[in-house]
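Notebook open, model loaded. I want to see how one hairpin sits in its sheet, then what touches the other chain.

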Amino acid sequence: MSRDSAGQPRIFLIEEDDETRPVIRQNLKRAGYKVLLAVDEEDALDRADGGCLVVDLILVNLVEKSTDEALRVGRAVRERARFDGATPLVVRAEDYGPDVEGTDVNVGGNDWITYPDDSDQLGRLLRRLLKGGDADGHHAA
Amino acid sequence: MTPNQAQNRLLAALPPAEYDRLAPHLAPVKLDLGGILYEPPDPIPYVYFPTNSIISFLAELPDGSGAEIGLVGYEGLAGVEVILGVERASKVATVQAAGDAVRVRPDKLRAACQQGGVTQQHLLRFTHALMVQISVSVLCVIRHNIDRRLARWLCMYHDRLGRDEFLLTHEFMANMLGIRRAGVSEVAKQLQLAGLVDYERGHFRILDRPGLERQACECYRTVKEEFDALYV
């Protein structure tokens, strides 16, 4: 795991919503994460260019886009940053019904879609994916 | 004072003689959660005076998206268009919290107003207060962050519900506030960490009402004072 000099895991947050972004960032920081921000796909890919992005997890939260589209963006960023597939990717769903509420669905490799039904479900998933001690998170090549 | 009057402040404010003119036309009704009472461009079938229910007013775009622009509980009524001489709904009225209300047909309410006295005056003053609420809501969306807006909305809801525990989903609150579900989840988390609310899987409990009010934007106090002044 990359962890910065203060021992904090690093999360790359791609959040398009200007209203939500500061609140999510604040909560992630309070939970002990270092947060790197991108405001949309283009911004995220720019930051991933050159292999200088060093993070332990990618969290994608897009506005009025499908979870498939959000997965595509997250995977594109991971590839551009030259992370290997083990770097966790979490997509937060927005539009969903009670049938999936409360679930975290693995969609292949270390890619996840979360359908929160309470305020700490995302936090629990992040803690699980970012447990220290092994090589779950990967540095850029 | 009849049970109807005692449970709705607007009806309770009417002098007995004027209330008695209206009373034969008031019918108790149960309002179900999510029920649409009226919507544009339809005529308003009844004017509703909530007693322990809450009615939301929604402004909607053609694509179905929208947000809450006002809400009313035991302090007022839904259907101010009728008081202003307009027959058709200008906004969607939907039941936000299930419970009881009394309702009256528009023509009967207009007739009661036309018989003189203070009924019309009371209703117009309430209409003014509701316009203040709607105006402030618009400004609030433009100027205030979602954390303060959600705190404000919870205070307004709590005022009208009269109890500390209730069921509210993130999706419902997101629809009311015109924000994304993720925003509601994250702000609710902050309120919970601050000890102001307890929230788990749709079950809300207000823990610190004064603290929640301090977290709310000044819009809450502005509108509350306007409504409180109606019944001084």
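I started with E9(B) and E10(B), residues 203–206, and found them paired in the antiparallel sense over four bridges. Strands here are DSSP runs (E, at least two residues; helices are H or I, at least four), numbered from the N terminus, and two strands pair if DSSP finds at least two bridges between them. This is a predicted model, where local features need pLDDT of at least 70, side-chain atom pairs count only at pLDDT 80 or more, and totals for chains, interfaces and linings use all residues. Residues are numbered from 1 along each chain as its sequence is written, with chains lettered from A and ligands numbered from 1 in the order in which they are written.

Next I checked the register: Val197(B) sits opposite Ile206(B) of E10(B). The hairpin has two residues between its strands, and there Arg201(B) takes a positive phi near 45°.

I then looked at the sheet. It is open, with three strands in the order E8-E10-E9 (chain B) and antiparallel pairing. E8 (165–167) and E9 of chain B are at the edges with a single partner strand each, so one side of each has no neighbour in the sheet. E8(B) pairs with E10(B) over three bridges, and Glu165(B) has Arg205(B) as its bridge partner.

Last, the other chain. I noted 17 residues of chain B in contact with 14 residues of chain A (contact: C-beta atoms, placed from the backbone, within 7 Å). On the chain B side, H7 (146–161), H9 (181–193) and E9 each give two or more residues. H9(B) gives the most, with ten residues.

Methods
Two residues are in contact if their C-beta atoms, placed from the backbone, lie within 7 Å.
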